[in-house]
Amino acid sequence: GDSWYLPAKSELIEIYRNRHAINETMSHHNGVGLFSNCWSSTEYAADSKFCAWLVSVEGGGTLNYDKNFDYFVRAVSAF
């Protein structure tokens, strides 16, 4: 719907920091992480490649990567 968007890198980091208060299942399901890296909407230009920042929802780390690769997204609702 209209209220959903792809969060920026800083927003995903805050989601990671507050994951237990937001939703316990964000980081674990039966002891296994639901996903490790999520695309953010924050872009990164490197060596003429079209890249974006990824945030690890399990560890909170960040890395930039070429957008041609498949990773999860975690849309959030504006309220």
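I'll start at Cys38, whose bridge partner in strand 3 is Val55. Before going on: this is a predicted model.

That bridge belongs to the pairing of strand 2, residues 37–46, with strand 3, residues 49–56. The two run antiparallel, and the pairing covers seven bridges. Cys38 also has a bridge partner in strand 5, and that one is Phe72. Strand 5 is short to describe: residues 72–73, paired with strand 2 in the parallel sense over two bridges.

Now the core. Which residues make up the largest nonpolar core? There are seven: Leu12, Ile13, Ile15, Cys38, Val55, Val57 and Val76. Helix 1, residues 9–17, contributes the most to this core, with three residues. Cys38 and Val55, the bridge partners I began with, are both on the core list.

Staying with Val55, what does it touch once its neighbours within four places in sequence are left aside? Its contacts include Leu12, Ile13 and Cys38, three residues that also belong to the core. The other contacts of Val55 are Lys9, Ser36, Asn37, Gly61 and Thr62.

Next, the surface. Leu63, Tyr65, Phe69 and Tyr71 form a nonpolar patch of about 330 Å². Leu63 sits in strand 4, residues 62–66. Is Leu63 buried, partly exposed or exposed? Its relative accessible area is 33%, so Leu63 counts as partly exposed. The cut-offs behind that word are under 20% for buried and over 50% for exposed.

To recap, Cys38 pairs with Val55 on strand 3 and with Phe72 on strand 5, while Leu63 is part of the nonpolar surface patch.

Definitions and conventions. Residues numbered from 1 in each chain as written. Predicted model: local features only at pLDDT ≥ 70, side-chain atom pairs only at ≥ 80, totals over all residues. Heavy atoms only, no water. Core = buried A, V, L, I, M, F, W, Y, C linked by side-chain atoms within 4.5 Å. Buried < 20%, exposed > 50% of the residue type's maximum accessible area, 1.4 Å probe, protein only. Helix = DSSP H or I, 4+ residues; strand = E, 2+ residues; numbered from the N terminus. Contact = heavy atoms within 4.5 Å. Patch = residues over 30% accessible without salt bridge, like charges linked within 9 Å, V, L, I, M, F, W, Y side chains within 5 Å. Areas by Shrake-Rupley, 256 points an atom, 1.4 Å probe, with all protein chains shown as cover. Salt bridge = Lys/Arg side-chain N within 4 Å of Asp/Glu carboxyl O. Pairing = 2+ DSSP bridges.
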